[in-house]
Each structure stands twice: as structure tokens, then as C-alpha cells.
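Welcome! Here are a few exercises to work through with the structure open beside you. Try each task before you read its solution.

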Amino acid sequence: MRLHEIKREGRSTLKRKILLVVPEKCTGCRICELVCSLTHEGVCNPAESRIGVVNWYREGISLPMVCQHCEKPPCTEVCPANALKRNWETGAILIDPGLCMGCKMCLVVCPFGGLSLEDGQEIPVKCDLCNGEARCASFCPTGAIQYVSATKTNMGKRRAAADRASELLRRSA
């Protein structure tokens, strides 16, 4: 069963939402990082954010990087403690700190760098979609981060944006 077609007790399907990053709209302002750290840690400190903006200043390219809450997440597959699980209401992959043994295998396998380790912490942190509110998207002034329904149209836009970002990165290398 696909995530965006989860059936609950014979009722209608739950529509999954995703974070859509549109690289050409990102100005590198890092408001997303500030909102995230304030929401989760109570401080405006990009180092404590679950989203990170990668900047290529010479090329004028900025790209917000965040957990993609993959349909088949490699982090859940590699976790020996089964500490990463999907929240079926929001679609987010969450870490259960009570189960996590701090092996950091999830950090190693994530192709998006979606998990991070804060100073002095043993348990990684990652985007939880703000319990279905995705505050980074709500506060993004340019619309570079959008929290949208994961329809085929949106997935196509996401792929097109990723192709454009990939091309920009290849040209800047």
C-alpha cells in the first residue's frame, strides 16, 4: 500500500503531504532554520535546526536540505533498535528516543543528510514535519519551501526541481 493511499478501518484514504523545495526560489535567508530551532529548541540558532540551508555563495545558489520522509526510508531499514517509525497521521519518520541506542547508522545511510547530531547529544534529531504543520514552509518568505499534497503532479514538480538543482550543482562543480 502506498503512503498517500493509507486506508484506515475501511474509511477514506489519508492524503500525505510533503515538503517541496524549489531551489530557484531560495535566497539563503535561513529563516527556515531559525523557525525550526525556535519551534523545537526554544532558541533562534541555525545549529540546532532540523533543516539546513546549503549555500554556494559564488554561484548564488542556496538549497534547503531536510529529511524527505522517504516512502522506503533507508534510515528505518538500517536501525538495529527499530527506533525510527512512521507517524501514519503526518507521514513523518520519527525517532523514538526511548529505543534509539545512538549507533548513528541512520546518519550514515541518509542520502539527503536529513538527520543531524547536536553538540553533546547521543541521539540524532530530524524533521518531524512539526506534527503536520511544517512551520519552515509557513514562514518561508519566497515559497522555496512548500508543504503540499503528494499528488503525482507535485511529485513531478519535485523531480523537475531536483533535476534543476542537480544541473546547477553540476555546472558549479
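**Exercise 1: a charged residue under cover**

Arginine 50 has a relative accessibility of 14%, so it counts as buried. Keep in mind that you are looking at a predicted model.

Task: Find where arginine 50 lies and which side chain it joins in a polar contact.

Solution.
- Step 1: Go to the loop between α1 (31-41) and β4, where arginine 50 lies.
- Step 2: Leave out residues up to four places away in sequence, and look for what arginine 50 touches: Cys36, His40, Glu41, Val66, Glu118, Val125, Lys126 and Cys127.
- Step 3: Pick out glutamate 41, whose side chain is joined to that of arginine 50 by a polar contact of 3.0 Å.

**Exercise 2: a hairpin**

Task: Describe how strands β4 and β5 pair, and say how many residues of β5 are buried.

Solution.
- Step 1: Locate β4 at residues 52-56 and β5 at residues 61-65.
- Step 2: Note the direction: the two strands pair in the antiparallel sense, over 5 bridges. One example is valine 53, whose bridge partner in β5 is proline 64.
- Step 3: Look at the turn. The hairpin has 4 residues between β4 and β5, and glycine 60 in the turn has a positive phi of about 70 degrees.
- Step 4: Check the cover of β5: 4 of its 5 residues are buried, which leaves the strand mostly covered.

**Exercise 3: positive phi outside glycine**

Task: Histidine 69 and asparagine 131 each have a positive phi. Is histidine 69 buried or exposed, and is asparagine 131 buried or exposed?

Solution.
- Step 1: Start with histidine 69, in the loop between β5 and α2 (74-78). Its phi is near 50 degrees.
- Step 2: Use the cut-off for buried, under 20% relative accessible area. Histidine 69 is at 3%, and therefore counts as buried.
- Step 3: Turn to asparagine 131, in the loop between β9 (125-126) and α4 (135-139). The phi of asparagine 131 is about 55 degrees.
- Step 4: Exposed begins over 50%. Asparagine 131 is at 62%, so it counts as exposed.

**Exercise 4: the whole protein**

Task: How many helices and strands does the protein have, and what share of its residues is buried?

Solution.
- Step 1: Count the elements: 5 helices and 10 strands.
- Step 2: Take the 173 residues of the protein; 40% of them count as buried.
- Step 3: Add the surface: the protein exposes about 9900 Å², with 53% supplied by carbon and sulfur atoms.

Definitions and conventions:
Residues are numbered from 1 along each chain as its sequence is written. This is a predicted model: local features need pLDDT of at least 70, side-chain atom pairs count only at pLDDT 80 or more; totals for chains, interfaces and linings use all residues. Side-chain values use heavy atoms; hydrogens and water are left out. Buried means under 20% relative accessible area, exposed over 50%, partly exposed in between (1.4 Å probe, protein chains only). Two strands pair if DSSP finds at least two bridges between them. Accessible areas come from the Shrake-Rupley method with a 1.4 Å probe; for residues, only the protein chains shown count as cover. A polar contact is a pair of N or O atoms within 3.5 Å; within protein, one must be able to donate a hydrogen and the other to accept it, and residues adjacent in sequence count only if both atoms are side-chain atoms. Contact means heavy atoms within 4.5 Å.
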